[in-house]
Amino acid sequence: MKYTQGKYLILDKKSIAREIYSFVISCPEVTEIATAGQFVHIRTGNFTLRRPVSICGIDRKNGTLRIVFEVRGAGTEEISRLNKGDLIDMLAPLGHGFTINQDFKKVILIGGGIGTPPMLSLAGIYGEKATVITGFRNAGAVILQEDFRKTGAEVILCTDDGSTGIHGFVTQPFSEIVKSADAVYACGPMPMLKSIAGICNENNVFCEISLEERMACGIGACLGCACRTVRNDEEYFAHVCKDGPVFNAKEVIF
């Protein structure tokens, strides 16, 4: 796992929903090696531990990386106070990303809440081959819909309260089209991922999921982000930061 550490220039900052921010960061040496599904680890202020944030977009031509994150505590709140022109301290890119196969004719990308941003890089790769299903609490929490449309992907929106899009969970439209897919990629809350993995298993469809977990070092040294997985019929503890965050859904014990 090759990564770099440095302080990088923030070229753009936007608030795209309540307590959700988008940064575009100049970091050519990172974009050169980054892949969809990896993450960055951000140091801020006087906090000892860095904060992990998924990579949302990779622009190799311009040497920029895009991250989209939600304020969930004091650390991410301090990150949100950074502005255009400031430097951001990152370890990047970290972890293992999604498996990309251009032979796939149809893929389904599923994002739940703040698990939606990692899907945008995949949508940019697969374009019209992709159907993107995203789910949010309500209309006020919806993000990135126009960004997905610009990739050429089909976009399906769901909200828990029905304030926009389909009234219900992402599993509803997903169940109706899963049999047409060569592959499924998903990131979001664990109950959602468990349901998606189960549906894919029932229909024998390849599925990769990106897990969220609290982590300290981000490089597999502290062993704090362990998750239960199975391989060759044997259970073992993998680490989200190093072995993931992307796993084959069949290997994860929910």
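**Exercise 1. Place Y185 in the structure and state whether Y185 is buried or exposed.**

Step 1. Y185 lies in strand 11; helices (H or I, at least four residues) and strands (E, at least two) are DSSP runs, numbered from the N terminus. The model is predicted: local features need pLDDT of at least 70, side-chain atom pairs count only at pLDDT 80 or more, and totals for chains, interfaces and linings use all residues. Residues are numbered from 1 along each chain as its sequence is written, and side-chain values use heavy atoms, with hydrogens and water left out.

Step 2. Y185 has 0% relative accessibility and counts as buried. Buried means under 20% relative accessible area, exposed over 50%, and partly exposed in between (1.4 Å probe, protein chains only).

Step 3. Contact means heavy atoms within 4.5 Å. Leaving out residues up to four places away in sequence, Y185 touches F98, T99, I100, F104, V107, I108, L109, I110, M119, L122, Y126 and E208.

Step 4. A249 is 64 residues from Y185 along the chain, and their C-alpha atoms are separated by 9.3 Å.

**Exercise 2. Describe the largest nonpolar core and the contacts of F174.**

Step 1. A nonpolar core is a set of buried Ala, Val, Leu, Ile, Met, Phe, Trp, Tyr and Cys residues joined through side-chain atoms within 4.5 Å. The largest one has 32 residues, of which I110, I133, F174, V184, I196, I209 and L211 touch the most other members.

Step 2. Two or more residues of this core come from each of strand 6 (87-94), strand 7 (107-112), strand 9 (154-159), strand 11 (183-187), helix 6 and strand 12 (206-210). Helix 6 gives the largest share, six residues.

Step 3. F174 touches I108, I110, I133, V184, I196, I199 and C200, not counting residues up to four places away in sequence.

Step 4. A second, separate core of 29 residues includes V107, A123, V142 and Y185.

**Exercise 3. Characterise the largest pocket.**

Step 1. The search uses a 1 Å grid over the protein atoms alone; a pocket is an open set of points where a 1.4 Å probe fits, with protein on both sides within 12 Å along at least five of seven lines, and lining residues have an atom within 4 Å of a point. Grid points are joined across faces, edges and corners, and a volume is the space filled by probe spheres set on the points.

Step 2. The largest pocket holds about 740 Å³ of space. It is lined by 27 residues, and P52, R72, T76, E212 and E213 are the closest to its centre.

Step 3. Strand 4 (51-59), strand 5 (64-70) and helix 2 (74-80) are the elements that give two or more residues to this lining. Strand 4 provides the largest share, four residues.

Step 4. The lining divides into 15 nonpolar, five polar and seven charged residues. Ala, Val, Leu, Ile, Met, Phe, Trp, Tyr, Cys and Pro count as nonpolar, Asp, Glu, Lys and Arg as charged, and the others, Gly among them, as polar.

**Exercise 4. How many disulfides are there?**

Step 1. A disulfide is a pair of cysteine sulfur atoms within 2.5 Å. By this rule the count is zero.

Step 2. For C241, the closest cysteine sulfur is that of C225, 3.6 Å away, which is too far for a bond. C241 is buried, with a relative accessible area of 2%.

Step 3. The sulfur of C227 also has C225 as its closest partner, at 7.6 Å, too far for a bond. C227 is buried, at 12% relative accessible area.
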